[in-house]
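This report sets out the packing, the sheet and several local backbone features of a single protein chain. The account begins with the nonpolar interior and then moves outward to strands, loops and totals.

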Amino acid sequence: MTKRTALFISNKKSGKADNELNGAVEILKDSGINLIEQESEDPSHVNDLIRQYRDKVDTVILAGGDGTMSSAAGALSECGLALGILPMGTANDLARTLKIPESIEDAAAIIANGRLHAIDLGKVNDHWFINAAHIGLGVKVNRTLTSDLKSRWGRFSYARSLIDAFKSMRPYRADIVCDGEGFSVRSIHITVANGRFYGGGMALSNEASVDDHKLRIFSLEPQSFWSLLSHGVVILGGELKGREGVWLRSGEAIRIHTSRTLSICADGEFITRTPAYFELHPNSLQVYVPDDYSTQEEAGNAEN
């Protein structure tokens, strides 16, 4: 077996203890992977490092959160390099989607095992994302997510931020074209999702996966806070379809024009503004996954 060489980039601001990270490094080295170790907290520097080492490595191992993975997705796809995930963020939704455990050492063992799987990527106004992009309420939630709030509430910090964000949210009109079909909605929040999980474990659909070659869009119409909370419980179960006050579609190309210019955040980072053009890029990134990870299609074939 050819020895693998990996660029290992850690973002220690994301949150795990040094001893856990050191343990992961030892597992990777013991498996025979040659590591080129770097540290960076700047997404643009991470991309520079990926491009700098593109001809010297076959894998990039990122220790960080969803924002770190998302910001590097475009460079990884461009350079044809595989991604190894060591989840060190608050939500770690991509890791959850791919059944990668929260334990850094267990995640390292998955990379060492070497099973690769292709996932889709999303793009909005030429900015890459992996999990989901938000317009409206979700952006306000991200703005209230301070480091202190994350450290005290963990993944529940998203729900805590929702309370403050809802109080100041003004409805807007959105004209949407999804795979050529036009719609007009009155909304307080729009999400366009590529993966299954976002926002600390929320899911638009139980059928969604990061490799099903679909983007899913949902919009919440203006409603009471208590109605919003009831939707929140359902989102955690992935059963939004058919809910009153919820508009849900899926497609590969989505255009959104809002009645006023609104910010867009994706995977926890502010990246662009409306009007927005979303497009799907299927099978654009190879990621190390555990042996028990399977797509919806693979699961269906196994049952037949």
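## Nonpolar cores

In this predicted model, Ile 85 is in contact with Leu 62, Met 69, Leu 94, Ala 95, Leu 98, Ile 100, Ala 107, Ile 111 and Val 287, when residues up to four places away in sequence are not counted. Ile 85 also belongs to the largest nonpolar core, which has 49 residues and in which Ile 50, Ile 85, Leu 86 and Leu 98 touch the most other members. The element that gives the most to this core is helix H3, spanning residues 66–79, with six residues. Another core, of 38 residues, lies apart from it and includes Ala 133, Leu 162, Trp 247 and Phe 278.

## The six-stranded sheet

An open sheet is built from six strands in the order E14-E13-E10-E7-E16-E17, and the pairing is antiparallel. Its edges are formed by strand E14 (246–251) and strand E17 (269–273), each of which pairs on one side only. On average, and with direction ignored, neighbouring strands of this sheet are turned by 20 degrees against each other. Strands of a sheet pair through backbone hydrogen bonds, in either a parallel or an antiparallel manner.

Strand E16 can be followed residue by residue on both of its sides. Towards strand E7 (residues 132–136), the pairing is antiparallel and runs over three bridges, with Ala 133 standing opposite Ala 266 of E16; the same Ala 133 is listed among the residues of the 38-residue core. Towards E17, strand E16 (residues 263–266) is joined by four bridges, again in the antiparallel sense. Within this second pairing, Ser 263 has Arg 273 as its bridge partner, Cys 265 is partnered by Phe 270, and Ala 266 faces Glu 269.

The side chains of E16 alternate: Ser 263 and Cys 265 point one way, whereas Ile 264 and Ala 266 point the other way, and all are buried. The hairpin of E16 and E17 has two residues between the strands, and Asp 267 takes a positive phi there, near 50 degrees.

## Asn 194, a buried polar residue

Which part of the fold holds Asn 194? Asn 194 sits in the loop between strand E10 (189–193) and strand E11 (197–198), and E10 is one of the strands of the six-stranded sheet. Although Asn 194 is in a loop, its relative accessible area is 1%, and because a value under 20% counts as buried, Asn 194 is classed as buried.

A polar atom of the Asn 194 side chain lies 2.8 Å from the backbone oxygen of Ile 130. Once neighbours within four places in sequence are left aside, Asn 194 is in contact with Asp 120, Leu 121, Gly 122, Phe 129, Ile 130, Asn 131, Ser 209, Val 210, Lys 214, Leu 215 and Leu 280. Ile 130 therefore appears both in this contact list and as the residue whose backbone oxygen lies 2.8 Å from the Asn 194 side chain.

## Backbone features in loops

Beyond Asp 267, two further residues other than glycine deserve a note for their phi angles. Lys 99 has a positive phi near 60 degrees and lies in the loop between helix H4 (93–97) and helix H5 (104–113); with a relative accessible area of 46%, Lys 99 is partly exposed. Asn 125 has a positive phi near 50 degrees and is found in the loop between strand E5 (116–124) and strand E6 (127–129); here the relative accessible area is 24%, so Asn 125 is likewise partly exposed.

A cis peptide bond, with omega near 5 degrees, leads from Thr 274 to Pro 275. Pro 275 is placed in the loop between E17 and strand E18 (276–288).

## Totals for the chain

The protein chain contains 10 helices and 18 strands, and 53% of its 304 residues count as buried. Among contacts with a separation of 6 or more, 72% are between residues 24 or more positions apart. The accessible surface of the chain comes to about 13800 Å², and carbon and sulfur atoms account for 46% of that area.

Methods:
Residues are numbered from 1 along each chain as its sequence is written. This is a predicted model: local features need pLDDT of at least 70, side-chain atom pairs count only at pLDDT 80 or more; totals for chains, interfaces and linings use all residues. Side-chain values use heavy atoms; hydrogens and water are left out. Buried means under 20% relative accessible area, exposed over 50%, partly exposed in between (1.4 Å probe, protein chains only). A polar contact is a pair of N or O atoms within 3.5 Å; within protein, one must be able to donate a hydrogen and the other to accept it, and residues adjacent in sequence count only if both atoms are side-chain atoms. Contact means heavy atoms within 4.5 Å. Accessible areas come from the Shrake-Rupley method with a 1.4 Å probe; for residues, only the protein chains shown count as cover. Two strands pair if DSSP finds at least two bridges between them. Axes are lines fitted to C-alpha atoms, for helices over the stretch in contact, and angles run from 0 to 180 degrees between N-to-C directions. A nonpolar core is a set of buried Ala, Val, Leu, Ile, Met, Phe, Trp, Tyr and Cys residues joined through side-chain atoms within 4.5 Å.
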